[in-house]
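Got your viewer open? Load the model and follow along, one selection at a time.

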Amino acid sequence: MAAPQSFLWSRRIFLTLLTVFVLLPVYVMISSSLKPLQDVSEKFQWIPSGLTVRPYFDIWETVPLADYFVNSLIVAGAATVCSVVIAVFAAYAVSRYNFRGKRVFTVTVLSTQMFPGILFLLPLFLIYVNIGNATGIALFGSRGGLILTYLTFSLPFSIWMLIGYFDSVPKDLDEAAKVDGCGPLGALFRVVVPAAIPGIVAVAVYAFMTAWGEVLFASVMTNDTTRTLAVGLQGYSTQNDVYWNQIMAASLVVSLPVVAGFLLLQRYLVTGLTAGAVK
């Protein structure tokens, strides 16, 4: 039975308005990034009178954006790798084995997501400072400390998500691998992990995006040499002026790695987010 014309037109109008609503901020960012600072500071013009690419060159000179980019790449990459590796082993153990405290462990992992991140800011700050004073290991103001901080957020969700995905992988595959001579680790890496690639990719994307755009902990736990992109963008706002065109240009440049990664891994991400929901 064909849908009524009124429904089709209503859907088209709704989707058109939704598309405009989503793309309008992107247009404002792109157009503002191509304007001179004087034009951006004045009344906004939907159609720019003059275009320039100079802001895309100035962003690297106004603040050390390249250094911030490297810091973000190292921190986000390391946090992603550690989160995926630990989550794979933890989720596989919970999914395939019965042990004392299993239910308590899974509930505890999930319950950590109920607390706001700012609740952990002061405790982590005090822990890092005390560890540095006691052992000389500089966690506060270092990339390593920031990586550990991001693991406290991405790891619980990653474990919980992979538990559901591993549960959807038939246990008969493990048994078949063991019959062929594989041990537990062999069954994990040769059978379960290849079958769970979409879920692992979804976890990796989540962990990377969480670390890449985080501001609160990065603004407190870093210094001038370890500052990340999300915090470094504040450098375009000075006491004398705000370089709006450079802020927009830098924001677009910063978002490119995440957008490119999402587009490349989109099919794995969609599959990974939905496959573990049905058992």
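Let's begin at a pocket. This is a predicted model, and its second largest pocket has a volume of about 160 Å³. To see the walls, select Met 209, Trp 212, Val 254, Ser 255, Val 258, Val 259, Phe 262 and Leu 263. Two elements each give two or more residues to that lining: helix H10 (197-212) and helix H13 (244-264). Which of them supplies the largest share? Colour by element and you'll find that H13 does, with six residues. Now switch to colouring by residue class: the lining has seven nonpolar residues, one polar and no charged.

Next stop, the largest pocket. About 180 Å³ of space lies in there. For the lining, select Thr 112, Gln 113, Phe 115, Pro 116, Gly 117 and Phe 120, then add Leu 151, Thr 152, Phe 153, Leu 155 and Pro 156. How do these residues divide by class? Seven are nonpolar, four are polar and, once again, none is charged.

Time to bring in the annotations. UniProt, in an unreviewed entry, lists residues 12-30, 68-92, 104-127, 147-166, 187-209 and 243-265 under "transmembrane region". Give each range its own colour, then look at two of them. Select 68-92: the chain there is 100% helix and 0% strand, with its end C-alpha atoms 36 Å apart. Then select 187-209, where helix makes up 96% and strand 0%, and the end C-alpha atoms are 30 Å apart.

Now widen the selection to 69-265. The unreviewed UniProt entry lists this range as "domain: ABC transmembrane type-1". Helix accounts for 75% of the span and strand for 0%, while its end C-alpha atoms lie 22 Å apart.

Finally, zoom out and show the whole protein as a cartoon. There are 14 helices and zero strands, so to speak of the element order is to say α from the N terminus on, through to the end. The radius of gyration is 23 Å, well over the 19 Å that the globule rule gives for 279 residues, so the protein is more spread out than a compact globule. Draw a box along the principal axes and the C-alpha atoms fill roughly 75 × 70 × 35 Å.

Two last views of the whole protein. Colour by burial, and 37% of the 279 residues count as buried. Then draw the contacts with a separation of 6 or more: residues 24 or more positions apart account for 75% of them.

Definitions and conventions. Residues numbered from 1 in each chain as written. Predicted model: local features only at pLDDT ≥ 70, side-chain atom pairs only at ≥ 80, totals over all residues. Heavy atoms only, no water. UniProt positions renumbered as here; feature names shortened; annotations may be inferred. Helix = DSSP H or I, 4+ residues; strand = E, 2+ residues; numbered from the N terminus. 1 Å grid on protein atoms, 1.4 Å probe; cavity = no way out; pocket = protein on both sides within 12 Å on 5 of 7 lines; lining within 4 Å. Points joined across faces, edges and corners; volume = space filled by probe spheres on them. Nonpolar A, V, L, I, M, F, W, Y, C, P; charged D, E, K, R; others polar. Rg over C-alpha atoms; globule rule 2.2 N^0.38 Å. Buried < 20%, exposed > 50% of the residue type's maximum accessible area, 1.4 Å probe, protein only. Contact = heavy atoms within 4.5 Å.
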